[in-house]
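Trainee: Could you take me through one part of this model closely, the place where the two chains meet? I would like to see how that part fits into the rest.

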Protein chains: 2
Amino acid sequence: MKLLILTNLVVGLFAGAGWAQEPARVSSPEVGADRRVTFRLLAPKAHEVLLTGEFMPGTRPLERRDDGLWSVTVGPFDAEIYHYNFIIDGVRTIDPGNPRVKTGSTPSTISSVLQISDARPAFYDGQPVPHGDIRTHWYQSQSLNSLRRLTVYTPPGYDRDVQTRYPVLYLFHGANADENAWHQLGRVNLILDNLLAAGNARPFIVVMPFGYGVPPNAADRQGQNTAMFGKDLIGDVMPYIESRYRTLADRDHRAIVGLSMGGGQALSIGLNHLELFGSVGGFSSGLGPAPDFPKTYASLIAHPDAANGQLRLLWLGCGTEDGAFAASKGFSDFLTEHGIKHTFRSSGGAHTWMVWRRYLYEIAPLLFASTAAPTR
Amino acid sequence: MKLLILTNLVVGLFAGAGWAQEPARVSSPEVGADRRVTFRLLAPKAHEVLLTGEFMPGTRPLERRDDGLWSVTVGPFDAEIYHYNFIIDGVRTIDPGNPRVKTGSTPSTISSVLQISDARPAFYDGQPVPHGDIRTHWYQSQSLNSLRRLTVYTPPGYDRDVQTRYPVLYLFHGANADENAWHQLGRVNLILDNLLAAGNARPFIVVMPFGYGVPPNAADRQGQNTAMFGKDLIGDVMPYIESRYRTLADRDHRAIVGLSMGGGQALSIGLNHLELFGSVGGFSSGLGPAPDFPKTYASLIAHPDAANGQLRLLWLGCGTEDGAFAASKGFSDFLTEHGIKHTFRSSGGAHTWMVWRRYLYEIAPLLFASTAAPTR
């Protein structure tokens, strides 16, 4: 195994400017041509270093050399984007040698990011195709009396075709994440850019609000979270978007989809507001207790024929290795029992972005497909 | 000292959904009403935990209790945004209890973020005023034959006043950072929103490209970095911006400013292209060796009267505790010696974002002030 210890690259730039020289840097992670990965950590004083990551179950110890450089080589792994952590003397933290860090709204989500590529670009990779833009807005929520952020994807050409109006997907993140998650971890823009370039989806706007209606650290108020989030969504976010973007502002051209906590939000808000949303989806959804379904979804099951006539898409997905699988399956059974047409996509995979990126790639071509949409 | 050990907040949301319960979380950092700060880490197996941060020189040890909870209280500190790290058994890493993480293009920049606030909002805080937007573009650089990102700030109302054209500030980050740095660490949007709301600046667009013309880890090619970056800036970024935004596309309405590595880039590109840029600034600039100044700035010093007539603003700033101070002072002396009018702002502070946020706040009101600008 070739060991690379790089001196800090930047020092040379400022030679003579008086900056202190930074310590030598260890190359980690290093992906080999065989898709095996070597992780390294310079830690002469540490007693134990473990690796944990989405590419393998459990943990693997790194081994220490005499000079205090720890390393382990694992794999080969499939081409994917994985999250991982080091556990250094019992403390779960990032790989200090890797600049790519996954963050969110709580510390439990902090990880390092590893991408393994193969010869072909993946469906989530940036490619030389027309690109949409990501916009970050700050808005004053009247519903929540606070300054909040939201992220918007506009498809390629949005700023040029100033006559065209677009459908809108409201897309929600999960617990511990934030309004950047679908962009930074979910690669929403690149996935849609690639689908559009291949002619496999219609262009639409994606709106990604911050999913906490009460602060993520307000433990005693989490029961109100979806209700407060829904107030902000309907009372502030949707009017903000519809006054600033060229939207097709009717139920046939609005979809509401989320993952995990956001999946529960999308289903409960969407299925209780079919006058607003014609397409509804939940990925690995956080659904609440099954005995509450009849009450939470009372208006839906009261008039199944009306609901079936209104719903252009109702899509549930969950990986079989996901702790949320039984709840998603139970919700699908509940819908079937009450005669509500839907798709239940049972896939491989666990509660990870690997699954959610694929689900977005799968459902984007289905969205707004049966409605009159702007020509492309 | 009150010790807060919070159980993970999110678990309650998914009770029954089958997720594994996450470990108890330690509250860190905790800012007291007296602006003293307590840092904590649960690390029963660690042997030494140190704190290092921009709020104090050197390091401070955390003290271990019998149950393995380490902590230290330091301060009081002034209201500011500070970056800090833990050093756990010799490994410099983040505070795993803090969701706010500073990232960049190399791992040397990874830190945790601490904000200490006063009763009054700071000039960089989000306030209930009209807000501009941040846009992220992916573009194919013909100069560099690669897919790159750039960040753009548009002032409040940009999308509504569709007849108005705006001046443009090209604003560059430093080494180890990326095109998000001025937004996420520099708070460029909030600083300008606040200045605009107070009537203390004219509205302008800010363009923040990725500052590496060669990859930050291509150590042997860093000597070409500014030249390659300049090719991308002039050949790709500026045409991209001027074709997509309503700009005032002349030298009087273009400024070029950067910090550290980006300060060196702004000065060398800007002062060699006075036909393109009427205002030039460098914060804590990475300037290269002083003996090279006459060659690097040959066209500037060849015609000082012409340059003085063209330059609406030439602004250098550096903190006296910054390792780059002597170089900035030397460059100011070089300009004086050659009769080039400029401002040299010598402030307190070191090589930190605390200084750069303030410099942006100071120079924004000076930019485009003497040119015919759109009415506000």
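Mentor: Happily! Let us begin with one term: two residues are in contact if their C-beta atoms, placed from the backbone, lie within 7 Å. Keep in mind too that this is a predicted model.

With that cut-off, the contact takes 65 residues from chain B and 65 residues from chain A. On the chain B side, β10 (91-93), β13 (133-141) and α8 (325-337) each supply at least two residues of the surface that touches chain A. β13(B) gives the most to that side, with seven residues. Sorted by class, the side of chain B that touches chain A has 31 nonpolar, 24 polar and ten charged residues.

Now look at β13 itself. Strand β13 (residues 133-141) of chain A is joined to β13(B) by four bridges, and the two strands run antiparallel. To find one of these pairings on your screen, start at A:Asp133: its bridge partner in β13(B) is B:His137.

How do the two chains relate to each other? A rotation of 180° with 0.0 Å of shift along its axis superposes chain B on chain A, with an RMSD of 0.0 Å. That is the relation of a two-fold axis. In chain B, the C-alpha nearest the axis belongs to B:Arg135, 2.1 Å from it. The same surface serves both copies, as 98% of the contact residues of chain B recur in chain A.

Next, step back to see what kind of chain carries this surface. Chain A has nine helices and 20 strands. Its radius of gyration is 23 Å, close to the 21 Å that the globule rule gives for 376 residues, so chain A is as compact as a globular protein of that length. Along the principal axes, the C-alpha atoms of chain A fill a box of roughly 70 × 50 × 45 Å. Buried residues make up 48% of the 376 residues in chain A. Among contacts in chain A between residues at least 6 apart in sequence, 69% join residues at least 24 apart.

What lies inside? In soluble globular proteins, nonpolar side chains tend to be buried together. Here the largest nonpolar core has 184 residues, and A:Leu171, A:Val206, A:Val207, B:Leu171, B:Val206 and B:Val207 touch the most other members. Take A:Leu171 as an example: leaving aside its neighbours within four places in sequence, A:Leu171 is in contact with A:Trp182, A:Val188, A:Val206, A:Val207, A:Met208, A:Val257 and A:Gly258.

Two elements of chain B make a nice pair to view one after the other. Helix α9 (residues 353-363) of chain B has eight of its eleven residues buried, so α9(B) is largely enclosed by the rest of the structure. Among those buried residues are B:Trp353, B:Trp356 and B:Tyr359. The buried residues of α9(B) pack against several elements of chain B, including α2 (188-197) and β19 (313-319).

Strand β6 (residues 56-61) of chain B, on the other hand, is hardly covered: the count of buried residues among its six residues is zero. Strand β5 (residues 49-53) of chain B runs antiparallel to β6(B), and four bridges join them. B:Thr52, for instance, has B:Thr59 in β6(B) as its bridge partner. The hairpin that joins β5(B) to β6(B) does so through two residues.

Key. Residues are numbered from 1 along each chain as its sequence is written. Chains are lettered from A and ligands numbered from 1 in the order in which they are written. This is a predicted model: local features need pLDDT of at least 70, side-chain atom pairs count only at pLDDT 80 or more; totals for chains, interfaces and linings use all residues. Copies are superposed by least squares on the C-alpha atoms of residues with pLDDT of at least 70 in both. A nonpolar core is a set of buried Ala, Val, Leu, Ile, Met, Phe, Trp, Tyr and Cys residues joined through C-beta atoms within 7 Å. A residue is buried if 20 or more other C-beta atoms lie within 10 Å of its own, exposed if 12 or fewer, and partly exposed in between; C-beta atoms are placed from the backbone. Two strands pair if DSSP finds at least two bridges between them. Ala, Val, Leu, Ile, Met, Phe, Trp, Tyr, Cys and Pro count as nonpolar, Asp, Glu, Lys and Arg as charged, and the others, Gly among them, as polar. The radius of gyration is taken over C-alpha atoms; the globule rule is 2.2 Å times the number of residues to the power 0.38.
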